[in-house]
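I opened a fresh notebook page for this one. Come along and look over my shoulder while I look things up.

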Amino acid sequence: MERRKVIKGIAAAVGIAWVSPRISALGLNQTSMEKPSFAVPIRCLANRGGKLVQPIQLTIEHAGTDATLVVRVDHQEVESRVLSPGTHTFNVYVDPVETARQIVIEYEISGKSESSEVRVEKVRKVLIFILPHSHHDLGYTDLQSNIEEKQMTNISRGIELARNTANYPPGARFVWNLEVLWGADQFMRTKTEPERQELISAVRKGWIGLNGMYANELTGLCRPEELLQLFRYSTELGSQCGVSVDSAMISDVPGYTWGTVSAMAQAGIRYFSAAPNYFDRIGTFMVEWQDKPFWWISPSGNERVLVWIPWTGYAMSHIMKLDAGWVNKYQARLDEIDFPYQISYIRWSGHGDNAEPDPDICEFVKKWNQEYEWPRFSISTTSNAFAAFEKQYGHQLPQFKGDLTPYWEDGAGSSASETRMNRGAAERLAQAATLSAILAPEVYNSADFNVAWRNVLLYSEHTWGAWNSVSDSENPFVTQQWQVKRQFAVDAENESKRLFDRALDAYASEKNSPNVDVHNTCSWPRTEVIVISKERSLGKDHVKNEHGASVPSQRLSTGELAFLAENVPPLGSASFHLSAAAPHVPAKRVTVLDGVLDNGIVLAKVDSKSGNIVELTSNKSARNLLDTSRDETINQYLFLEGKDASTVSTSEPARIAIEEAGPLVAAIRIESSAPGCVDLVRRVRLKASEDWLEISNIVNKKRAPLNPHPGQGGPGGDFAQHESKESLQFAFPFAIENGQIHIDVPLAVMRPEIDQLPGSCKNWLPVGRWIDVANAEYGVTCATLDAPLVEISSLSATMLGSQTHPGIWRKHIEPIRKFYSWIMNNHWRTDYRAYQDGPVEFRYALRPHDGYNSAAASRFATGMSQPLVASAPGQRSRMGLKLRIDQEDVLVQECKPSADGSAWIVQLFGAAGEERKAGLTWTDGRPIKVWRSNLREQPLEQLPTQVRVPAWELVTLRIEAPDR
């Protein structure tokens with residue numbers, strides 16, 4: 001089912017008022033009940049005998065015998081011809097106008113006369129590039145397997161059309177833009193060698209344009225490495241084809257996380273054609289940015305991409321057709337916004353989503369350019385169109401630095417379990433690559449990692465399910481699509497675990513040894529509690545480090561053994577010995593009594609009735625960091641049916657028990673009945689020597705009621721739009737006087753309101769690994785491992801079903817030191833899931849601290865997401881990574897062997913918000929060569945071993961060492 005039919009059905013179901021606000025905002029509301037005139041000005045310039053003139057198209061019906069027609073313009077005869085019986089359409093011409101004016105057109109024939117007054121507008125001498133492409137929905141209108149075949153067929157069809165029009169005049173020759181590259185990847189993996197070579201040849205000839213994104217991604221869901229992987233394949237395919245890919249497209253999706261600029265820079269991309277959905281759940285995005293090209297500046301300020309959102313996004317070909325009337329409308333649109341440039345562009349995505357290439361555009365452009373001088377049309381790749389625009393106007397474009405906070409990431413809350421799974425897989429893949437580099441680089445296989453990353457990306461791709469996923473959720477068409485979508489997350493998790501275990505298995509050589517090795521995949525030393533399985537530690541409660549000193553340990557209620565792994569070196573390992581002696585007690589025990597957990601560093605109190613956390617203090621200050629003044633407390637469960645936040649409900653009185661009593665680990669279990677749930681189990685955990693509090697919330701979700709009349713009403717019906725809607729949150733109100741909220745997003749940190757560009761979503765915001773509330777003296781960092789969405793200061797995520805009016809979206813975020821982790825919802829009317837059920841765990845960690853320190857927050861949250869790793873003892877490969885970095889504020893995002901096996905690829909991130917110089921050394925003292933690199937892993941520029949890392953910049957290095 002084509003999306004244009006879906007949209008039409010929704011409009012019919014909910015009434016034209018539902019669609020008209022968005023159409024009006026886009027300048028599309030141009031309907032008229034007036035009788036059409038026989039005279040229609042065509043807003044163009046034609047060359048008649050070396051003179052530029054403006055045509056007026058006449059359509060005249062004549063009955064009877066042949067007769068002479070006389071046409072006058074402003075009472076002056078301009079045309080005389082003999083007409084035969086029938087309908088005749090032809091042009092007459094007038095001198096070009098410099099300002100709009102009214103012209104009287106009249107004709108006489110066989111005693112009949114008619115006149116009309118028409119408005120003739122000044123013609124814009126504008127070159128309009130047309131970018132043909134197919135919008136890649138991996139599902140929605142058809143099963144994913146059918147869509148994959150369709151997009152591969154589109155590649156072949158695009159090549160065929162380019163070949164067939166190769167002799168057309170320049171500008172009219174067909175070009176096919178690959179909007180995103182998952183279809184091309186599938187093509188290159190499954191087609192025959194001659195077909196693959198045909199695609200490569202077509203790219204080299206300019207018939208096929210490559211664009212850098214792998215999929216139409218929800219970038220706000222991405223982990224840092226995932227965001228880079230979004231562009232990696234473009235460097236691979238570009239290299240195969242012998243071209244540099246310097247452009248990217250995205251369609252349908254409104255809003256993009258700030259670090260997208262940094263990731264694009266790593267891939268060599270400087271042009272970004274962003275074409276969102278043109279009317280639904282897009283806030284003010286299109287109103288703010290439509291046809292206002294600008295330079296989007298990276299968080300570091302050192303990189304930029306040219307961003308241009310075209311009129312109607314990617315949907316122009318769904319709602320209009322290329323003809324003279326469209327040319328008039330397009331110029332009227334440019335007039336309306338005072339468009340100051342003489343180059344513009346449109347997207348042409350065929351007739352619906354996943355549409356096949358449209359050959360008619362070649363015939364339109366060929367005929368138009370032959371008949372008229374201006375406007376001119378040229379069918380183009382994204383790269384060529386944007387390069388032409390930059391050459392003429394790049395120096396005068398405005399620059400904007402900030403987050404284009406996305407809107408559609410909220411749908412990921414409709415499948416919280418799979419979203420959690422995918423987030424974990426992305427973290428595990430990054431950790432597995434670093435683990436391989438440290439321990440056993442010989443088992444690292446880049447192709448295997450690419451397969452796993454492909455699954456991560458395709459889960460975060462914007463197509464979640466079928467067009468009728470909410471109105472007819474049990475239809476096999478819906479359930480089959482969801483199973484494919486879900487499998488991306490499942491496969492990503494399984495593959496990440498396999499690659500993780502592969503590195504450990506290659507390293508571990510003493511499987512039955514009483515020793516345990518602990519590995520640190522981060523670039524700073526770490527001290528954390530490690531948990532060893534019951535089977536691995538049976539009968540061995542005492543632990544010593546490699547120097548023979550006893551370290552604190554504790555047998556847990558689960559039978560597992562916990563011990564404190566102290567000072568595990570960065571990108572290195574430490575060894576520990578287990579024995580049957582009694583456990584060593586920490587010098588400062590953690591205690592739990594009457595709901596209070598205390599380790600001398602952090603103190604937390606759990607309310608005996610509600611089970612919520614009502615007090616959090618640190619040894620640096622006796623102040624309670626939690627705000628309990630407004631009937632909300634930390635980790636309070638909230639359930640909202642519908643959109644009226646005043647009706648929110650919470651969990652029932654709690655049943656509280658001590659699960660772990662110390663001295664190394666203390667934990668409280670809180671069980672409650674809760675609305676929307678079968679049950680709710682929360683755990684609060686504190687460990688000796690650690691300066692953070694851990695929270696685990698297991699929500700055993702009840703299924704929301706389904707449509708009582710399956711399929712009835714479709715996505716525009718009452719059920720899909722408004723009924724059975726629900727959302728779940730955990731509250732985090734803090735008492736930080738004049739505190740500022742900072743949010744970690746991939747490859748950036750942003751402040752709500754302050755760092756959000758116009759058109760950004762403010763009802764909810766994606767969060768990466770952490771969110772921090774702090775002033776210059778004290779604050780709290782909250783690491784969120786599983787839940788990617790927050791609401792700031794109030795329950796503002798109340799936008800149900802279709803939301804087409806820009807004015808109803810949140811305009812400002814109040815500076816209140818409170819946020820809600822938005823864990824689940826089913827607010828959409830289409831695409832996303834109608835319900836979810838079963839247990840899902842949401843983990844958080846709260847770390848009180850002194851004044852705000854972004855690097856410390858990143859180290860803390862990265863450590864939570866990529867914990868220390870325990871394994872059987874073994875021998876590190878002599879080829880293993882031996883890197884040390886002397887600057888803790890410069891974080892290693894990932895280390896891995898290069899794909900060619902001759903170097904190391906190391907990504908450094910300036911997390912402190914200030915420039916740093918990071919000294920790189922090899923632990924055995926041998927010399928190394930350091931090169932600045934990119935996603936292609938090329939040696940671009942040799943650097944000293946003291947590497948400059950600007951604030952918020954990602955620096956990719958290629959390091960050559962003697963043992964590689």
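Below are my entries, going from the whole chain down to single residues.

**Entry 1: the whole chain**

I noted before anything else that this is a predicted model. I then looked up the secondary structure and found 18 helices and 53 strands in the protein chain. I checked the overall build next: a compact globule with 964 residues would have a radius of gyration near 30 Å, and the chain has 31 Å, so the two agree. I also drew a box along the principal axes, and the C-alpha atoms fill roughly 115 × 65 × 50 Å.

How much of the chain is buried? I read off 62% of the 964 residues. For the contacts between residues at least 6 apart in sequence, I found that 76% join residues at least 24 apart. I put the accessible surface at about 34,700 Å², with 47% of it belonging to carbon and sulfur atoms. I looked at charges too: there are 101 positive and 115 negative ones, and their mean positions are 2 Å apart.

**Entry 2: helix H7 and what follows it**

I moved on to helix H7, which spans residues 260–267 and has seven of its eight residues buried. I listed the buried ones as Thr260, Val261, Ser262, Ala263, Met264, Gln266 and Ala267. What do they pack against? I found helix H6 (224–241) and several strands, among them S12 (247–252), S13 (271–276) and S53 (954–960). Right after H7 I came to glycine 268, where phi is positive, near 80°.

**Entry 3: asparagine 934**

I met Gln266 of H7 again here, as asparagine 934 touches Gln266, Leu940 and Thr956 once residues up to four places away in sequence are set aside. I located asparagine 934 in the loop between strand S50 (929–932) and strand S51 (941–943). Its relative accessibility is 13%, so I count asparagine 934 as buried. I also found a polar contact of 2.9 Å between its side chain and that of glutamine 938.

**Entry 4: glutamine 836**

I found glutamine 836 in the loop between strand S43 (818–825) and strand S44 (838–849). Buried or exposed? I checked glutamine 836, and a relative accessible area of 8% makes it buried. Which backbone atom lies 2.7 Å from a polar atom of its side chain? I found the backbone oxygen of glycine 413 there. The backbone nitrogen of alanine 416 lies 2.9 Å from a polar atom of the glutamine 836 side chain. Beyond four places in sequence, I saw contacts of glutamine 836 with residues including Ser415, Lys701, Arg703 and Met824.

**Entry 5: backbone oddities**

I looked for cis peptide bonds and noted one from tryptophan 374 to proline 375, with omega near -10°. Proline 375 sits in the loop between helix H11 (360–371) and strand S17 (376–379). I noted another cis bond joining glycine 662 and proline 663, with omega about 10°. Proline 663 lies in the loop between strands S32 (655–661) and S33 (665–672).

I then looked for positive phi in residues other than glycine, and serine 110 has phi near 50°. I placed serine 110 in the loop between strands S7 (101–109) and S8 (112–120), and its relative accessible area of 57% makes it exposed. Tyrosine 140 also has a positive phi, of about 70°. I found tyrosine 140 between strand S9 (127–132) and helix H3 (144–164), and at 3% relative accessibility it counts as buried.

How values were computed: Residues numbered from 1 in each chain as written. Heavy atoms only, no water. Buried < 20%, exposed > 50% of the residue type's maximum accessible area, 1.4 Å probe, protein only. Helix = DSSP H or I, 4+ residues; strand = E, 2+ residues; numbered from the N terminus. Contact = heavy atoms within 4.5 Å. Polar contact = N/O pair within 3.5 Å; in protein donor to acceptor, adjacent residues only side chain to side chain. Rg over C-alpha atoms; globule rule 2.2 N^0.38 Å. Areas by Shrake-Rupley, 256 points an atom, 1.4 Å probe, with all protein chains shown as cover. Lys, Arg positive; Asp, Glu negative; His and termini not counted. Charge placed at Lys NZ, Arg CZ, Asp CG, Glu CD.
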